[in-house]
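Open the model in a viewer and keep the sequence panel beside it. The tour goes from one selection to the next and says what is found at each stop.

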Amino acid sequence: MTTTTLAVTIAIIPSVLALLRLAQRDPKRLRLLGRRRDAAGTRERRALAALALGPGLVLAVCGLWPALLIWMGLLLAAGWCLAQGFAGAAPAVARKP
């Protein structure tokens, strides 16, 4: 296993877990579902965002540029998949003409 592969693996796990928690506790999505009280507060959302982006900063400071680019791509793809997955759970809202 190369250094890049190991660094990406170590960095992507906490990032995706934090992103998953952000998606689960999204205030706008929960408001549509009628579960507003389960939504995350501002402080929690900011902490989770820092946790999700922190490993990328560590990769950049360490100079692992290929690992940073792969991590960014994986995090982007994971975020897109989470958004698509949670979009199916939201109720259809009628558009106003």
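The stops below run from the whole chain to the helix pairs, then to the core and a few single residues.

**Whole chain**

Start with everything displayed as a cartoon; bear in mind that this is a predicted model. The protein chain holds 4 helices and 0 strands, and its order along the sequence reads α-α-α-α. Colour by accessibility next: 24% of the 97 residues in the protein chain count as buried. Where contacts in the protein chain link residues at least 6 apart in sequence, 65% of them join residues at least 24 apart.

**H1 against H4**

Select helix H1 (3-24) and helix H4 (65-87). Their axes come within 9 Å, crossing at roughly 30 degrees. An angle under 35 degrees counts as roughly parallel, so H1 is roughly parallel to H4. The H1 and H4 crossing is right-handed. By class, the residues of this contact between H1 and H4 are 17 nonpolar, 4 polar and no charged.

Now show side chains on both helices. From H1, the contact takes in Thr4, Ala7, Val8, Ala11, Ile12, Ser15, Val16, Leu19, Leu20, Ala23 and Gln24. On the H4 side, the partners are Pro66, Ala67, Ile70, Trp71, Leu74, Leu75, Ala78, Gly79, Leu82 and Phe86.

**H1 against H3**

Keep H1 and swap H4 for helix H3 (residues 42-62). The axes of H1 and H3 are 9 Å apart, and the packing angle is about 165 degrees. Angles over 145 degrees count as roughly antiparallel, so H1 is roughly antiparallel to H3. This crossing of H1 and H3 is left-handed. The contact of H1 with H3 has 11 nonpolar, 1 polar and 3 charged residues.

On H1, pick Ala7, Ala11, Pro14, Ser15, Ala18, Arg21 and Leu22. They meet Glu44, Arg45, Leu48, Ala49, Leu51, Ala52, Pro55 and Leu59 in H3.

**H3 against H4**

Hide H1 and show H3 with H4. How far apart are the axes of H3 and H4, and at what angle do they pack? The axes are 8 Å apart and the angle is about 160 degrees, which makes H3 roughly antiparallel to H4. The crossing of H3 and H4 is left-handed. Its contact residues comprise 10 nonpolar, 1 polar and no charged.

The H3 residues to select are Ala52, Leu53, Pro55, Gly56, Leu59 and Ala60. Across from them in H4 are Trp65, Ala67, Leu68, Trp71 and Leu75.

**The nonpolar core**

In soluble globular proteins, nonpolar side chains tend to be buried together. For the largest nonpolar core here, select 9 residues: Ala7, Val8, Ala11, Ile12, Leu59, Ala67, Leu68, Trp71 and Leu75. Helices H1 and H4 are the elements that give two or more residues to this core.

Centre the view on Leu59, a member of that core. Which residues is Leu59 in contact with, leaving aside its neighbours within four places in sequence? They are Ala7, Ala11, Leu64, Ala67, Leu68 and Trp71.

**Ser15**

Move to Ser15, which lies in helix H1. Is Ser15 buried or exposed? Ser15 is buried, because its relative accessible area is 0%, against a cut-off of under 20%. Apart from residues up to four places away in sequence, Ser15 touches Leu51, Ala52, Pro55, Trp71 and Leu75. Ser15 also appears among the H1 residues that meet H4 and among those that meet H3.

**Val16**

Step on to Val16, likewise in helix H1. Its relative accessibility is 27%, so Val16 counts as partly exposed. With residues up to four places away in sequence set aside, Val16 touches Leu75 and Ala78. Draw a C-alpha to C-alpha distance from Val16 to Leu51: the two are 9.6 Å apart in space and 35 residues apart in sequence.

**Thr9**

The last stop is Thr9, found in helix H1. Thr9 has 35% relative accessibility and therefore counts as partly exposed. Draw one more distance, from Thr9 to Ile70: C-alpha to C-alpha, they are 9.9 Å apart, with their positions 61 residues apart in sequence counted as separation.

Terms used. Residues are numbered from 1 along each chain as its sequence is written. This is a predicted model: local features need pLDDT of at least 70, side-chain atom pairs count only at pLDDT 80 or more; totals for chains, interfaces and linings use all residues. Side-chain values use heavy atoms; hydrogens and water are left out. A nonpolar core is a set of buried Ala, Val, Leu, Ile, Met, Phe, Trp, Tyr and Cys residues joined through side-chain atoms within 4.5 Å. Buried means under 20% relative accessible area, exposed over 50%, partly exposed in between (1.4 Å probe, protein chains only). Contact means heavy atoms within 4.5 Å. Axes are lines fitted to C-alpha atoms, for helices over the stretch in contact, and angles run from 0 to 180 degrees between N-to-C directions. Angles under 35 degrees count as roughly parallel, over 145 as roughly antiparallel, 65 to 115 as roughly perpendicular and the rest as oblique. A crossing is left-handed if the near helix is turned anticlockwise from the far one by less than a right angle, and right-handed if clockwise. Ala, Val, Leu, Ile, Met, Phe, Trp, Tyr, Cys and Pro count as nonpolar, Asp, Glu, Lys and Arg as charged, and the others, Gly among them, as polar.
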